[in-house]
Amino acid sequence: MSTAAPALADGKPGGGDDQPKPPGKMSTVGGAQLGKPGTQVRLKSGAPVLPKDLTGRSWIVSDAESGEVLASHNAHWRLPPASTLKMLFADTVLPKFPKTQKHKVALSDMAGIGAGSSMVGIKENETYSVHDLWLGVFLKSGNDAVHVLSAMNDGVPQTVKDMQKHAVDLQALDTHVVSPDGYDAKGQVSSAYDLTLFARSGLQKKDFREYCATATAKFPGETKKVTKGKDKGKTKRESFEIQNTNRLLTGAPGVNPYKGIAGVKNGYTTNAGNTFTGVAERNGKVLLVTVMNPSSTETHAVYKETERLFDWGFKASGKVDPVGELVAPKGASTGAGKGAPGSGGEGSGTENAAHASDNGSNGMGIALGVTGGVLAVLAAGVFVIRRRLPLPGQAGRRAPRA
């Protein structure tokens, strides 16, 4: 059975009737119980109770490997996703371009960026590698980097179409894509369930894992003329440091880096509030948690509530019956080997093309990766998370070289 919600998920503490309420009926992808409003959990004897201080309108805790949903709250409520939608953008576009490919930015590449967007600082007429651009997307949530990569992908409208098609392939049917960067747009929605599917699919890709787990990196600056010294009159391009805005990875005043954290993506817009999807590993167990739009006034509430759900999930593993499952992509077939067609595995042609330059990586700052062919097989048989367990003190280091 499902318990009553212990959380004030749809309003503020003591809140009124003006707060949005979830639909009475939602999608049942992944199981009928996930389509019900309110908190869904099946506690067995000895299981820990869910945290009481949860205010997210929607959240979900799942096992990244088995796909079992351990608990959820309005999992299929269609809500604005903010920059967590960049997980779908990356999962869609990242395999298309080798990371060493260079691109000179035209002014038209950055047309249509929304006012007040988060930016990494890309400059017109400067040249960037694809590796640089993805660091800008993952670490600084740079809408400028998203638009440049979209321009390389035949433009924003084509990229939106590609993302929507990929969402359907992943069976993320709550999602409607309007902008590739997650900027507020009429009709743009996703759900905690779908965002978790995007993260789980993205984590199949080596570069996705590396970028989302990178804490700090150097980003190319603007080319300027040297005005002093022996190099006067020459041009020089400086770089500047960027830091991942995922506070469970890097920490912040009042937030410590979470033990075992390995990504994935945070977001904020006026309509969406704060959103976050995270992946973490402890004692061989890999969990995914998504939280959307907490109403708490607690500082860094989306991270604090994610942390509580991670803590609960690691304690509850094996002590709850699943309330649903994370479905495999349509293209995933059972019984096939690594790199089989449709598997999305690292032996696939697009994956190999995108990672042709991986030899230069030094692995620093990577909390989730691949080593020695270690595979953790998911429910679909070929849909797998390839992972290297986080090493003590490794998360939070610098980016790998391109």
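# A tour from the core outward

Start inside. The largest nonpolar core has 62 residues. Select Ile122, Trp134, Phe138, Tyr193, Phe198 and Phe208: these have the most contacts inside it. Then add helix H2, residues 130-140, which gives the most to this core, with seven residues. In soluble globular proteins, nonpolar side chains tend to be buried together.

Keep in mind that this is a predicted model.

Next, colour by confidence. The average pLDDT of the protein is 83, and 78% of the residues score at least 70. Two stretches call for caution. Residues 1-16 stay under 50 in pLDDT, although the model gives them 40 contacts beyond four places in sequence. Residues 334-397 are also below 50, and that stretch has 145 contacts beyond near neighbours in sequence. Where pLDDT is low, the predicted coordinates should not be read in detail.

Now zoom out for the overall view. The protein has nine helices and 14 strands. Of its 402 residues, 57% count as buried. Its exposed area is about 16,200 Å², with carbon and sulfur atoms supplying 51% of that. Take the contacts between residues at least 6 apart in sequence: 69% of them join residues at least 24 apart.

**Stop 1: Phe208 and its surroundings**

Select Phe208 and show its contacts. Beyond four places in sequence, Phe208 touches Met87, Ala90, Asp91, Leu94, Phe138, Ala199, Gly202, Leu203 and Val264. Apart from the core around Phe208 lies another one, of 28 residues, including Ala47, Ala71, Ile261 and Phe314.

Several of those contacts lead to the next selections. Take helix H1, residues 86-93. Buried or exposed? Eight of its eight residues are buried. They include Met87, Ala90 and Asp91, and also Lys86 and Thr92.

Move to helix H5, residues 192-202. Eleven of its eleven residues are buried, so the rest of the structure largely encloses the helix. Polar and charged names appear here too: Asp194, Thr196, Arg200 and Ser201 are among the buried residues of H5. So are Tyr193 and Phe198, both listed with the most contacts inside the largest core.

Then go to Val264, in strand S8, residues 261-269. Inspect the backbone just before it. The peptide bond from Gly263 to Val264 is cis, with omega near 20°.

**Stop 2: strand S2 and its partners**

Select residues 56-63. This is strand S2, and eight of its eight residues are buried, so the rest of the structure largely encloses it.

Which strands pair with S2? Strand S10, residues 285-294, runs antiparallel to S2 and is joined to it by seven bridges. Strand S3, residues 68-73, is antiparallel to S2 as well, with four bridges. Pick out one pair on each side. Asp63 has Leu287 as its bridge partner in S10. Ser62 stands opposite Val69 in S3.

Follow the chain from S2 into S3. The two strands form a hairpin with four residues between them. Click on Gly67 in the turn: its phi is positive, about 85°.

Continue past S3 to Asn74, in the loop between S3 and H1. Asn74 has a positive phi, near 50°, in a residue other than glycine. Its relative accessibility is 0%, so Asn74 counts as buried.

**Stop 3: from S10 through helix H8**

Jump to His300, in the loop between S10 and H8. His300 also has a positive phi without being glycine, here near 55°. Its relative accessibility is 27%, so His300 counts as partly exposed.

Now select helix H8, residues 301-316. Its 16 residues reach 22 Å from the first C-alpha to the last, close to the 22 Å expected at 1.5 Å a residue. Of those 16 residues, 13 are buried, so the rest of the structure largely encloses H8. After the helix comes Gly318, with a positive phi near 85°.

**Stop 4: Pro322**

Finish at Pro322. Where is it? Pro322 sits in the loop between strand S11 (320-321) and strand S12 (324-325). Pro322 has a relative accessible area of 28% and is partly exposed.

Show what surrounds Pro322. Leaving aside neighbours within four places in sequence, its contacts are Arg42, Glu68 and Val69. Draw a distance to Val69: the C-alpha atoms are 5.3 Å apart, across 253 residues of chain. Val69 leads back to the hairpin, where it stands opposite Ser62.

Key. Residues are numbered from 1 along each chain as its sequence is written. This is a predicted model: local features need pLDDT of at least 70, side-chain atom pairs count only at pLDDT 80 or more; totals for chains, interfaces and linings use all residues. Side-chain values use heavy atoms; hydrogens and water are left out. A nonpolar core is a set of buried Ala, Val, Leu, Ile, Met, Phe, Trp, Tyr and Cys residues joined through side-chain atoms within 4.5 Å. Buried means under 20% relative accessible area, exposed over 50%, partly exposed in between (1.4 Å probe, protein chains only). Contact means heavy atoms within 4.5 Å. Accessible areas come from the Shrake-Rupley method with a 1.4 Å probe; for residues, only the protein chains shown count as cover. pLDDT is the predictor's confidence in each residue, from 0 to 100. Two strands pair if DSSP finds at least two bridges between them. The expected span of a helix is 1.5 Å times one less than its number of residues.
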